Amino acid sequence: MKLITRIQDLPPELAASVSPEESAFIETLTAKGILPFAVTPFYAQRAAELNAELMTNLQAKRDAERDTKRDAKRDAELGVEPAANLPVGSAQPNQDRVNVIRRQFFPSPEEAHILPYELEDPLGEARYRVAPRLVHQYRDRVLLLANGTCAGYCRHCFRRSWTSTLQGFITEAELVPVKSYLAAHPEVREVLVSGGDPLMGTDERLALLFKSLREARPGILLRIGSRMPVMAPERITPDLAALFREWRPLRLILHINHGLELAPEVRAAILRLIDAGVPVHTQTVLLRGVNDRADTLAELFRELLDLGATPYYLFQGDLAPGTSHFRVPLEQSLEIYQELTQLISGLGLPAFAVDLPGGGGKVHLHPRCIEGEETDASGQVWYLLRSRDNILWRYPKEA
Ligand code: SF4
């Protein structure tokens with residue numbers, strides 16, 4: 001899959017929006033041998049369209065403000081009362097929105113700010129690795145890192161230490177220990193096929209993978225974690241949907257963060273899967289400056305529900321290096337989620353959860369989940385959250 005990795009290859013209106021600070025940051029990353037960004041032409045075009053829309057709206061707001069000031073001046077000169085007490089620009093759409101698509105794939109100099117408690121492996125998956133590509137943390141399910149690449153790299157990604165290796169699709173040799181492990185562990189009922197994005201593999205490779213997993217454990221549930229329908233909806237072909245159908249029980253877990261990602265092509269891709277009988281669930285990361293408003297989230301979840309997809313998880317941000325500008329402080333996140341419960345019915349309400357840093361596992365978040373606070377020697381304040389196995393773990397209190 002061809003990805004855009006250079007500013008000059010972005011759609012022109014998007015390339016023109018790159019600031020000198022962003023360019024300098026990209027040069028710094030490149031000099032260190034780090035791929036600064038990678039995005040599909042589809043997702044970049046979506047960002048370009050949104051950029052154009054925001055710029056048009058911004059111009060409309062400036063025009064409206066200028067007209068309002070001119071009218072006020074004229075009224076004052078004529079000695080008449082203003083027609084209405086509307087605040088300046090209030091008749092215009094909200095102009096303060098950032099480009100929520102661009103923000104998710106384009107590097108920000110804020111990423112250089114790495115906090116001491118941010119971790120290369122924020123979820124502590126390494127401690128549960130039972131084979132080179134297999135993680136067994138929860139009794140009844142395993143995570144298979146089927147692929148090391150993605151159709152575009154999310155700036156908030158918590159698995160970047162894995163994706164930065166750019167490892168290819170799992171080979172037959174690498175599948176041998178996976179199959180042995182599954183065969184020896186009947187308590188495992190689900191395989192989360194993730195990465196990276198497993199849909200970077202061809203249909204043939206996916207079919208071989210599914211066949212191997214089912215040889216080891218007939219009937220085991222396959223959960224395919226992917227952002228592909230959002231990044232490159234053309235990859236969700238009728239053949240792929242048919243392949244998924246053939247290997248049922250199989251569910252797709254779609255990573256989607258904003259209603260603006262639901263372009264007509266994305267909706268069609270989701271519908272292709274659902275129409276083929278493939279259940280689609282979604283997971284969303286709460287991201288500052290992208291979706292940190294209850295009404296924004298409610299709109300996304302309502303639209304997903306209307307399409308037939310099930311909002312499954314909303315995640316508090318993980319402690320990946322250089323992502324503090326994306327994280328919403330936990331208490332604020334809880335308030336947003338509480339407000340969300342008032343805006344949307346249980347049908348469209350995902351569970352709100354955090355993966356406890358360092359390997360504590362996933363816990364659901366609710367107004368009484370914070371059991372206490374403690375301050376370490378550096379002055380950092382930590383919330384205490386109880387894991388499923390009844391141990392208190394720390395999550396940072398952030399501003
Ligand atoms: S698609 Fe998933 S694994 Fe890939 S960069 Fe985004 S969050 Fe990370």
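This is a guided tour of a predicted model, to be followed in your viewer one selection at a time.

**The two domains**

Begin by colouring residues 1-112 as domain 1 and residues 113-366 as domain 2, which is how the protein is divided. The centres of domain 1 and domain 2, taken over C-alpha atoms, are separated by 29 Å. Where they meet, 21 residues of domain 1 are in contact with 19 residues of domain 2. On the domain 1 side of this meeting place, select helix 3 (41-78) and helix 4 (102-105), each of which supplies at least two of the residues that touch domain 2. Of the elements on that side, helix 3 gives the most, with four residues.

**Strand 4 and its neighbours**

Next, select strand 4 (residues 190-194), which is mostly covered, since four of its five residues are buried. Then add strand 3 (residues 141-145), which pairs with strand 4 in the parallel sense over five bridges; to see one bridge, show Leu-144 together with its partner in strand 4, Val-193. Now add strand 5 (residues 221-226), which also pairs with strand 4 in the parallel sense, here over four bridges. For an example of this second pairing, show Glu-190 and its bridge partner in strand 5, Leu-221. If you follow the chain from strand 4, you pass through helix 7 (residues 203-216) before you reach strand 5, and this β-α-β crossover is right-handed.

**Helix 7**

Stay with helix 7, whose 14 residues reach 20 Å from the first C-alpha to the last, close to the 20 Å expected at 1.5 Å a residue. Which residues of helix 7 are buried? They are Leu-206, Leu-209, Leu-213 and Ala-216. Turn the view so that you look down the axis of helix 7, and you will see that its buried residues line one face of the helix, because they fall within an arc of 95 degrees. An α-helix has 3.6 residues a turn, so residues three or four places apart point the same way. On the other side of helix 7, look for Glu-204, Lys-211 and Glu-215, which are exposed. To find what covers the buried residues of helix 7, display helix 6 (172-184), strand 4, strand 5 and helix 9 (238-246), which are included in that cover.

**Helix 6**

Move on to helix 6, which has 13 residues and spans 18 Å from its first C-alpha to its last, close to the 18 Å expected at 1.5 Å a residue. Its buried residues are Leu-175, Val-178 and Leu-182, and, seen down the axis of helix 6, they fall within an arc of 60 degrees, so they line one face. The face turned away from this buried side carries the exposed residues Ala-173, Ser-180, Ala-183 and Ala-184. Strand 1 (129-131), strand 2 (134-138), strand 3 and helix 7 are what the buried residues of helix 6 pack against.

**Two residues of helix 11**

Finally, select helix 11 (residues 294-307) and, within it, Leu-307. Leu-307 counts as partly exposed because 18 other C-beta atoms lie within 10 Å. Leaving aside residues up to four places away in sequence, Leu-307 touches Arg-267, Ile-270 and Leu-271. Asp-295 also lies in helix 11; is Asp-295 buried or exposed? With 12 C-beta neighbours inside 10 Å, Asp-295 counts as exposed. As a last step, draw a distance from the C-alpha atom of Asp-295 to that of Val-278, which is 17 residues apart from it along the chain, and you should find a separation of 28 Å.

Key:
Residues numbered from 1 in each chain as written. Predicted model: local features only at pLDDT ≥ 70, side-chain atom pairs only at ≥ 80, totals over all residues. Buried ≥ 20, exposed ≤ 12 C-beta atoms within 10 Å, placed from the backbone. Pairing = 2+ DSSP bridges. Right-handed = clockwise from strand over helix to strand, strands pointing away. Contact = placed C-beta atoms within 7 Å. Expected span 1.5 Å × (residues − 1). Arc of directions from axis to C-beta. Domains from an automatic or database assignment.
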